[in-house]
Amino acid sequence: MRAQGNVYHLKCFTCSTCRNRLVPGDRFHYINGSLFCEHDRPTALINGHLNSLQSNPLLPDQKVN
C-alpha cells in the first residue's frame, strides 16, 4: 500500500489511533508521517484549527485505492 510516497505492508497500513487496518475504499488522513482513519483524525482538523499542528504539514483526506 502507498501513501504520500511511502510504502506500507498491507498489515501495517493501519490507523495510528485505533490500529484498525485501512482497506481499499477507506478514507484516511496522513499527518506527520502517521495514518488516521476517518473516525480518528485529529480534532484539530475537524474544528478547522491548527493549534499544536500549526507548523506541521497537513494533507487533505485521501482514499485508499
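Helices (H or I, at least four residues) and strands (E, at least two) are DSSP runs, numbered from the N terminus. With that in hand, you can find your way around this predicted model, in which local features need pLDDT of at least 70, side-chain atom pairs count only at pLDDT 80 or more, and totals for chains, interfaces and linings use all residues. Residues are numbered from 1 along each chain as its sequence is written, and side-chain values use heavy atoms, with hydrogens and water left out.

**The whole chain**

Start with a cartoon view. You should find 1 helix and 5 strands, and from the N terminus on they run β-β-β-β-α-β. Of the 65 residues, 28% count as buried; here buried means under 20% relative accessible area, exposed over 50%, and partly exposed in between (1.4 Å probe, protein chains only). Contact means heavy atoms within 4.5 Å, and among contacts between residues at least 6 apart in sequence, 42% join residues at least 24 apart.

**Stop 1: the loop between strand 2 and strand 3**

Select R19, which lies in the loop between strand 2 and strand 3. R19 has a phi near 65 degrees, a positive value in a residue other than glycine. Most residues other than glycine have a negative phi. Is R19 buried or exposed? R19 is exposed, with a relative accessible area of 57%.

Now select N32, in the loop between strand 3 and strand 4. N32 is not a glycine either, and has a positive phi of about 50 degrees. At 39% relative accessibility, N32 counts as partly exposed.

**Stop 2: the aromatic rings**

Show the side chains of Y8, F13 and F28, which form one aromatic cluster. Rings of Phe, Tyr and Trp (its six-membered ring) pair if their centres lie within 6.5 Å; planes under 30 degrees apart count as stacked, over 60 as edge-to-face and the rest as tilted. A search of the whole structure finds 2 aromatic pairs. In one, the ring centres of Y8 and F13 are 5.4 Å apart and the planes stand at 70 degrees, so this pair is edge-to-face. The rings of F13 and F28 have centres 5.5 Å apart and planes at 80 degrees, so they are edge-to-face too. Where do these two phenylalanines sit in the chain? F13 is in the loop between strand 2 (6-7) and strand 3 (27-31), while F28 is in strand 3, so the pair links distant parts of the chain, 15 residues apart. Y8 counts as buried at 18% relative accessibility, and F13 is buried at 0%.

**Stop 3: the nonpolar core**

Keep those three rings on screen and add A3, C15, L22, Y30, L35 and C37. Together with Y8, F13 and F28 they make up the largest nonpolar core, of 9 residues. Such a core is a set of buried Ala, Val, Leu, Ile, Met, Phe, Trp, Tyr and Cys residues joined through side-chain atoms within 4.5 Å. Strand 3 and strand 4 (34-37) each supply at least two residues of this core.

From L22, look across to M1, in the segment before strand 1 (2-3). M1 and L22 are 21 residues apart in sequence and 9.6 Å apart in space, C-alpha to C-alpha. M1 counts as partly exposed at 22% relative accessibility.

**Stop 4: two cysteines**

Select C15 and C18. How many disulfides does the structure hold? It holds 0 disulfides, a disulfide being a pair of cysteine sulfur atoms within 2.5 Å. The cysteine sulfur nearest to that of C15 belongs to C18, 3.7 Å away. C15 is buried, with a relative accessible area of 0%, whereas C18 is partly exposed at 29%.

**Stop 5: the charged side chains**

Staying with these cysteines, add D40, which touches C15, T17 and C18, not counting residues up to four places away in sequence. D40 is found in the loop between strand 4 and helix 1 (43-47). D40 is buried yet has no salt bridge (a side-chain nitrogen of Lys or Arg within 4 Å of a carboxyl oxygen of Asp or Glu). The nearest side chain of opposite charge, R41, is 9.6 Å away; Lys and Arg count as positive and Asp and Glu as negative, with His and the chain ends not counted.

Finish with E38 and R41. Their side chains meet in a salt bridge (3.7 Å, N to O), and the count for the structure comes to 1. E38 is partly exposed at 33% relative accessibility, and R41 is partly exposed at 24%.
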